[in-house]
Amino acid sequence: MGLPTLEFTDSFLDSPDFRERIKCHEIELERTNKFIKDLIKDGNMLITALKNLSAAVQKFSQSLQEFQFECIGDAETDDEVNIAQSFKEFSQLLNTVEEERRRLIQNADDVLITPLEKFRKEQIGAAKEGKKKFDKETEKYYSTLERHLGLSSKKKEAYLQEADTQIDKERQLFYDASLEYVFKIQEVQEKKKFEFVEPLLAFLQGLFTFYHEGYELAHEFEPYKQQLQFNLQNTRNNFVSTKQEVEKLMKRIRSADQDYKPPGQWTMEGFLYVQEKRPLGCTWTRHYCTYEKGSKTFTMSNTENKSAGKQVMFKLKSCIRRKTDSIDKRFCFDIEVVERHGVMTLQALSESNRRLWLEAMDGKEPVRNSACLVLKYSYFAGCCLAGMVFFVVCLTENTKTEFWVTGTLFWWVQAPVDMDLDPETWDNKTITSGLKNYLRSPVDHLRSICLSTESDDQNYRVCAVHALVHKLPERNKEMLELLIKHLVTVSTQSQYNLMTVSNLGVIFGPTLMRSQEETVAAMMNIKFQNIVVEILIENFIKIFHQPPDPNVPLPQPQSRPGSRRSRAICLSTGPRKPRSLYTPTLCLADAESEYQSSDYRHRSSHHNFPKPMGGL
């Protein structure tokens, strides 16, 4: 049941029913006044919470902005560059959202708190002032009326006329106050329908504008997100492949001789104990020593006393193994240097370690494994032609019986008469293992191609790979063309076999361009080997059927460029649509994003990645 209507004529009667109806309005105005006060209090709490949230998001965004990704190795792939830049892009995206939130917070006081407070004070406050005046005039009028009615009729006529005039005046003031109060009460009750609701509508409009801005940002973010997901998937695949290779290396190192000499900057390096003569005898002090054979430079760094870390450099003259019966220490050898008179006696960590030092310094120990190395490369050269025949056998399509080589689809074939590959005698794993081992034979030209993938210019990468492929020996180039042609065929069926160009790169990159060095640093460069295979597959016709540009400079080793990350895919620098107020009919369909390049559309369409394959 609604509020009763107040008629102006009832002000003259001032009946109990009139007074009861006025009281109903007064109770409603008091309830509205209390509700507005609570709403203002809650609104201020909401604004404070929004400010705190905005401050927390800005702090989070700042942390993202300040973090700097560092990747292992001297160069980064495009995937790594984009991933490293992603935190800054996330930060910029959050800052854009917070700009709209700050605008909402700044406007909240003007559009919500101030209008509500104004309505409460000016409208409800005016009604309360009208009530005070009405109550005052009511009391004054009825008091005057009681005195007037108590006058004796015996009073003089002039006195009675003056009293009548006075009561008429008081009655008019009472009627005016009553009429004004009735008018004000009903005015406030009607005004609250719009002046009370409009601020809430304006606040919600700002809130929905903020949410809509977030929706538009999410729409603009979608192409960047898809590209970044593609980069992350590539990096994950590379990680799985590299991890397995590094684990194999770790196991080989673990099972090898403890004095295994890893490849590095120095001909030989490691800890040696140096004999130092004292007045009361001699002491043996541990030094970390390095030797470079070309310049015969021998350095020692003391790791035990206060001068730890200080290097002393000598030029080696000679190295002689110390006989066991000439000293009471084991594993010793003497060296002569230009800078000192006499000999320096050094103690190795073991007999095999001493042999390595003597070998490096041209001592009496023979050079290790040289015969095996010569035999290995002689065998490879002699088997090259036979390997070519074997390679063609494994790739020629004949009987259509399918099998897998570490995830890649090949065809079983009927072997020529001079090569017995009877499927009943040789199982699939044996044949594929032989093929993989043959492909792993070292080819220096292929390894140099990896340098081209470190360039920022994608067109140059293709041109450099093109030029380097044509510098390969003819047999090697023919073999590579056969393999890549087959991989092109496999990639065209990726919707069935999940062998996308990216996945084929992960599988065949390490196989084709395995480093001669068995080091973690070499394993970390597998990612660039994968990119080379991708370039070969995606540009097969150009690389193998067209002559290269003779003006393209060949890539040279270089350190990681500092400005590389400025070439990352970027969301924050792209054009933003102008801000507009939220309207329910606003069309959200956007034009195709600038990030959706033809290359990206082609590669991201194969979004069903297979499970990561094992290392080759």
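This report describes the overall make-up of one predicted chain and then turns to its salt bridges.

The model is predicted, and local features are reported at pLDDT of at least 70, side-chain atom pairs only at pLDDT 80 or more, while totals for chains, interfaces and linings use all residues. Residues are numbered from 1 along each chain as its sequence is written, and side-chain values use heavy atoms, with hydrogens and water left out.

**The chain as a whole**

The secondary structure comprises 17 helices and eight strands, where helices (H or I, at least four residues) and strands (E, at least two) are DSSP runs numbered from the N terminus. Of the 616 residues, 42% count as buried; buried means under 20% relative accessible area, exposed means over 50%, and partly exposed lies in between, with a 1.4 Å probe and protein chains only. The accessible surface comes to about 35600 Å², and carbon and sulfur atoms contribute 55% of this area, as computed by the Shrake-Rupley method with a 1.4 Å probe, only the protein chains shown counting as cover for residues. Among contacts (heavy atoms within 4.5 Å) with a separation of 6 or more, 69% are between residues 24 or more positions apart.

**Salt bridges**

The chain has 26 salt bridges, each being a side-chain nitrogen of Lys or Arg within 4 Å of a carboxyl oxygen of Asp or Glu. Three of the pairs are listed here with the distance between nitrogen and oxygen.

| Basic residue | Acidic residue | N to O distance |
|---|---|---|
| Lys 192 | Glu 28 | 2.7 Å |
| Arg 120 | Glu 117 | 2.8 Å |
| Lys 121 | Glu 117 | 3.8 Å |

The pair of Glu 28 and Lys 192 links distant parts of the chain, 164 residues apart, since Glu 28 belongs to helix α2 (residues 16-66) and Lys 192 to the loop between α4 (157-191) and α5 (197-255). Both partners are buried, Glu 28 having 14% relative accessibility and Lys 192 having 16%.

Glu 117, in contrast to that long-range pair, has its partners within helix α3 (residues 78-149), where Arg 120 is three residues from Glu 117 and about one helical turn separates the two. Lys 121 is four residues from Glu 117 in helix α3, again a separation of about one helical turn. The two basic residues have opposite settings: Arg 120 counts as buried because its relative accessibility is 19%, whereas Lys 121 counts as exposed because its value is 54%.

Salt bridges also join into a network, which links Lys 184, Glu 187, Lys 191 and Glu 195.
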